[in-house]
Amino acid sequence: MFWSKNKRVYLMDENVKMSIGDIEKLTKCTIINSTDKFLQGTPDEILTKASKENNWIIVTKDIRMALRSLMDNVPIIYISDDFKTISYLSVRLYDQKHFPEMFEYIQKRFGYKTH
C-alpha cells in the first residue's frame, strides 16, 4: 500500500528518482518513485491525478509538472537547478518545517538552499 495516515507520502518524479538506500534512510515518510508504480514517460496529468486522489506530495525538477499539479491543487516540492533552490509549492503557504525529512534529503543530495 502506498498511503499512510501517519506518514507523508512523496511521489518522486522520474527526474529525481531515489535509490532504495536513500528511501530506507527516510523512515518518517513514504517514498514512491514514479517509475515503480507507473510506466516511464507517464503523462504528468496521470501522476497529478493519482497524487490528488491519494494525498501524495509530488517532488520534481520539471516546472511544467509543478505548474500542472498546482493548477489541480496538488502540493509540490520543486527543485530548481537554475536557481539552486528547493521550494514547497501549494495553494497554501508552508515552509520547510512542515516537510523536514524531504527538505533535508534534497538539501544534502543537491547542496541547494531552501527558498
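**Exercise 1. Strand S2**

Task: In this predicted model, decide whether strand S2 is largely enclosed or not.

Solution:
- Count the buried residues. Four of the five residues of S2 are buried.
- Draw the conclusion. S2 is therefore largely enclosed by the rest of the structure.
- Locate the strand. S2 covers residues 29-33.

**Exercise 2. The partners of strand S1**

Task: Find which strands pair with S1, and give their direction.

Solution:
- Start with S1 itself. This strand spans residues 8-12. Four of its five residues are buried, so S1 is largely enclosed by the rest of the structure.
- Look towards S2. Five bridges join S1 to S2, and the two strands run parallel.
- Name bridge partners. Val-9 is paired with Thr-30 in S2. Tyr-10 has Ile-31 as its bridge partner in S2.
- Follow the chain between the two strands. From S1 the path goes through helix H1 (residues 20-25) to S2. This β-α-β crossover is right-handed.
- Look towards S3. Three bridges join S1 to strand S3 (residues 57-60), again in parallel.
- Name one position there. Met-12 stands opposite Val-59 in S3.

**Exercise 3. The nonpolar core**

Task: State which elements build the largest nonpolar core, and which one gives the largest share.

Solution:
- Begin with the core's membership. The largest nonpolar core has 19 residues.
- Pick out the members with the most contacts. Tyr-10, Met-12, Ile-31, Val-59, Ile-77, Met-102 and Ile-106 touch the most other members.
- List the contributors. S1, S2, S3, strand S4 (76-80), strand S5 (85-89) and H5 each give two or more residues.
- Find the main source. H5 supplies the largest share, four residues.
- Recall the general pattern. In soluble globular proteins, nonpolar side chains tend to be buried together.

**Exercise 4. Helix H5 and its end**

Task: Identify buried residues in helix H5, then describe the residue that follows the helix.

Solution:
- Place the helix. H5 runs over residues 100-110.
- Read off the buried positions. Glu-101, Met-102, Phe-103, Tyr-105 and Ile-106 are buried in H5.
- Connect this with the core. Met-102 and Ile-106 are among the core members that touch the most others.
- Step past the helix. Gly-111 follows H5, and its phi is positive, near 70°.

**Exercise 5. Asp-22 and its surroundings**

Task: Describe the place of Asp-22, its exposure and its salt bridge partner.

Solution:
- Place the residue. Asp-22 belongs to helix H1.
- Check its exposure. Asp-22 has a relative accessible area of 22%, so this residue counts as partly exposed.
- Find the partner. Asp-22 forms a salt bridge with Lys-25, with the closest N and O atoms 3.8 Å apart.
- Examine the spacing. The two residues are three apart in H1, so about one helical turn separates Asp-22 from Lys-25.
- Apply the helix rule. An α-helix has 3.6 residues a turn, so residues three or four places apart point the same way.
- Check the partner's exposure. Lys-25 is exposed, at 63% relative accessible area.
- Look further along the chain. Asp-22 and Arg-109 are 87 residues apart in sequence, yet their C-alpha atoms are separated by 9.8 Å.

**Exercise 6. Salt bridges involving helix H3**

Task: Set out a salt bridge that links H3 to H4, and another that lies in H3.

Solution:
- Start with the total. The structure holds six salt bridges.
- Take the link between helices. Asp-44 forms a salt bridge with Arg-68, the closest N and O atoms being 2.5 Å apart. Asp-44 is in helix H3 (residues 44-54) and Arg-68 is in helix H4 (residues 63-71). The pair is 24 residues apart and links distant parts of the chain.
- Compare the exposure of the partners. Asp-44 counts as buried, at 13% relative accessibility. Arg-68 is partly exposed, at 30%.
- Widen the view. Asp-44, Glu-45 and Arg-68 are linked in a network of salt bridges.
- Turn to the bridge in H3. The side chains of Lys-49 and Glu-53 meet at 4.0 Å, N to O. They are four residues apart in H3, so about one helical turn lies between Lys-49 and Glu-53. Both Lys-49 and Glu-53 are exposed.

**Exercise 7. Contacts with rings**

Task: Report how many aromatic pairs the structure holds, then place Lys-37 relative to Phe-38.

Solution:
- Count the pairs. The structure holds one aromatic pair.
- Place the lysine. Lys-37 lies over the face of Phe-38, at 5.9 Å from the ring centre.

Notes
Residues numbered from 1 in each chain as written. Predicted model: local features only at pLDDT ≥ 70, side-chain atom pairs only at ≥ 80, totals over all residues. Heavy atoms only, no water. Buried < 20%, exposed > 50% of the residue type's maximum accessible area, 1.4 Å probe, protein only. Pairing = 2+ DSSP bridges. Right-handed = clockwise from strand over helix to strand, strands pointing away. Phe/Tyr/Trp six-rings, centres within 6.5 Å; stacked < 30°, edge-to-face > 60°. Lys NZ or Arg CZ within 6 Å of the ring centre and 35° of its normal. Core = buried A, V, L, I, M, F, W, Y, C linked by side-chain atoms within 4.5 Å.
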